[in-house]
Amino acid sequence: MTPDNQPQTRTTPDGEPQVQTTTSSERHQSRSLFDREILRPALWESVTKLDPRVQVRNPVMFVVEIGAVITTVAWLIQVFGGESLGGGHQPAWFTFSITIWLWLTVVFANLAEALAEGRGRAQAASLRAMRTEASAKMRDGTEKSAAELVRGDIVVVEAGEGIPGDGTVIEGIASVDESAITGESAPVIRESGGDRSAVTGGTRVLSDQIVVEITQEPGHSFLDRMIALVEGASRRKTPNEIALGILLAALTLIFIVVIVSLRPFALFAHTELSETTAKLRDGGEKPAAELVRGDVVVVEAGETIPGDGTVIEGIASVDESAITGESAPVIRAAGGDRSAVTGGTKVLSDRIVVEITQEPGG
């Protein structure tokens with residue numbers, strides 16, 4: 001028995017000896033998800049998983065990564081003095097912030113996956129240690145490595161020792177700790193005969209002594225199957241994971257279709273998708289998003305009012321159906337209670353001069 005499996009004995013209030021053991025697997029199970037040995041490789045893997053050949057297996061994150069690349073290119077164009085993609089007037093810092101959020105979304109998704117894989121590898125290492133560190137005490141008094149046991153070998157397991165392999169109890173009765181395998185802290189009774197005679201390699205006898213006949217072949221024990229399952233590159237997804245994946249993929253497809261169809265629908269409706277540009281009274285131009293309280297703009301027939309304000313010159317017929325739902329145009333003129341206009345409405349005739357009364361974003 002190795003030092004990791006060394007039993008420690010203490011006396012109970014009744015005067016009976018009680019065996020306690022501390023195994024390497026128990027120390028691994030208590031390891032934090034953010035343990036340095038898990039976190040460091042996961043951080044690197046979260047970057048290497050940005051490879052499109054890896055991301056394409058997750059359609060949702062693949063689309064997000066494509067968006068991140070596009071916004072990165074758009075930001076670089078703006079940094080070096082070019083126009084923003086799509087003909088908009090958004091500042092470079094806005095494009096940069098969107099770029100950062102998109103990249104963080106992809107990287108953190110990769111990090112979560114890498115942490116899960118890292119913890120799985122740690123669990124597999126813990127299970128492998130349980131398999132390789134165990135030694136078996138044969139019935140004839142000799143010892144044999146647990147990895148060398150074959151079907152038909154008969155081993156004796158006493159209190160405080162680990163069961164070296166899958167088998168059947170042929171003599172004795174004992175209390176067995178199966179928490180390393182099942183996760184259940186309560187010990188179970190294993191005895192010869194009946195349906196409680198099967199034991200699993202890696203579990204620990206807490207009391208008494210049992211004689212076990214090995215029923216496994218080398219490399220085909222329960223622990224071996226668990227290690228293969230944990231280390232496997234692919235696993236069967238749960239129904240909830242499958243349903244969520246289908247839902248996210250469908251929503252992503254709908255999102256792409258809607259975005260791609262915006263331009264054709266806008267052309268069909270004779271509507272501009274680009275950001276509204278305001279003509280200032282002094283002859284200059286300014287993006288509607290940058291207008292501030294006190295700016296004075298000129299709006300002519302067929303143009304859209306760039307922001308909330310008050311008519312200070314002129315009179316015009318204004319289409320407010322996009323705001324109020326009323327199809328009939330209304331008259332807006334300087335002075336009186338008909339001077340207030342709303343951004344996004346459209347001047348149908350004549351020309352008005354509007355003083356902006358809103359703040360950016362208000």
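This is a dialogue about how to read several features of a predicted model.

Reader: Where should I begin with a predicted model, and what is the mean pLDDT of the protein chain?

Author: A general caution comes first: where pLDDT is low, the predicted coordinates should not be read in detail. In this model the mean pLDDT of the protein chain is 79, and 82% of its residues reach 70 or more. Over residues 1–30, however, the pLDDT is below 50, although this stretch has 51 contacts in the model beyond near neighbours in sequence.

Reader: How many helices and strands does the protein chain have, and what share of its residues is buried?

Author: The secondary structure of the protein chain comes to nine helices and 18 strands, and of its 362 residues 30% are buried. The accessible surface of the chain comes to about 21600 Å², with 58% of that area belonging to carbon and sulfur atoms. Among the contacts with a separation of 6 or more, 63% are between residues that stand 24 or more positions apart.

Reader: When I turn to the strands, which strands pair with E10?

Author: A general idea helps in looking at any strand: in a regular strand the side chains alternate between the two faces of the sheet. Here, strand E10, residues 209–214, pairs with E5 in the antiparallel sense over five bridges, and E10 also pairs with E6 in the antiparallel sense, over six bridges. To find these pairings in the model, you can look for Ile154, which stands opposite Glu213 in E10, and for Gly167, which stands opposite Ile214 in E10.

Reader: In the loop between strand E5 and strand E6, where Glu161 is found, is Glu161 buried or exposed?

Author: The cut-off needed here is that buried means under 20% relative accessible area. Glu161 has a relative accessible area of 16%, so Glu161 is buried. The loop that holds Glu161 runs between E5 (154–158) and E6 (167–177), and the side chain of Glu161 makes a polar contact with the side chain of Lys137, at 3.3 Å.

Reader: What should I make of phi, and what is its value in Asp208?

Author: In general, most residues other than glycine have a negative phi. Asp208, which is not a glycine, has a positive phi of about 65°, and the place of Asp208 is in the loop between strand E9 (204–205) and E10. Asp350 likewise has a positive phi, near 65°, and is found in the loop between strand E17 (346–347) and strand E18 (351–356). With a relative accessible area of 51%, Asp350 is exposed.

Reader: Turning to the aromatic rings, how many aromatic pairs are there, and why is the pair of Trp75 and Phe96 called tilted?

Author: Ring pairs are read from the distance between centres and the angle between planes, and planes over 60 degrees apart count as edge-to-face, those under 30 as stacked and the rest as tilted. The count here comes to two aromatic pairs. The rings of Trp75 and Phe96 have their centres 4.9 Å apart and their planes at 45°, so this pair is tilted. Because Trp75 lies in helix H4 (residues 59–79) and Phe96 in helix H5 (residues 92–133), the pair ties together parts that are 21 residues apart in sequence. Trp75 is partly exposed at 25% relative accessibility, and Phe96 is partly exposed as well, with a relative accessible area of 36%.

Reader: How is the pair of Trp93 and Phe94 arranged?

Author: The rings of Trp93 and Phe94 have their centres 6.1 Å apart and their planes at 85°, so that pair is edge-to-face. Trp93 counts as exposed at 61% relative accessibility, whereas Phe94 is partly exposed at 39%.

Key
Residues numbered from 1 in each chain as written. Predicted model: local features only at pLDDT ≥ 70, side-chain atom pairs only at ≥ 80, totals over all residues. Heavy atoms only, no water. Helix = DSSP H or I, 4+ residues; strand = E, 2+ residues; numbered from the N terminus. Buried < 20%, exposed > 50% of the residue type's maximum accessible area, 1.4 Å probe, protein only. Polar contact = N/O pair within 3.5 Å; in protein donor to acceptor, adjacent residues only side chain to side chain. Pairing = 2+ DSSP bridges. pLDDT = per-residue confidence, 0-100. Contact = heavy atoms within 4.5 Å. Areas by Shrake-Rupley, 256 points an atom, 1.4 Å probe, with all protein chains shown as cover. Phe/Tyr/Trp six-rings, centres within 6.5 Å; stacked < 30°, edge-to-face > 60°.
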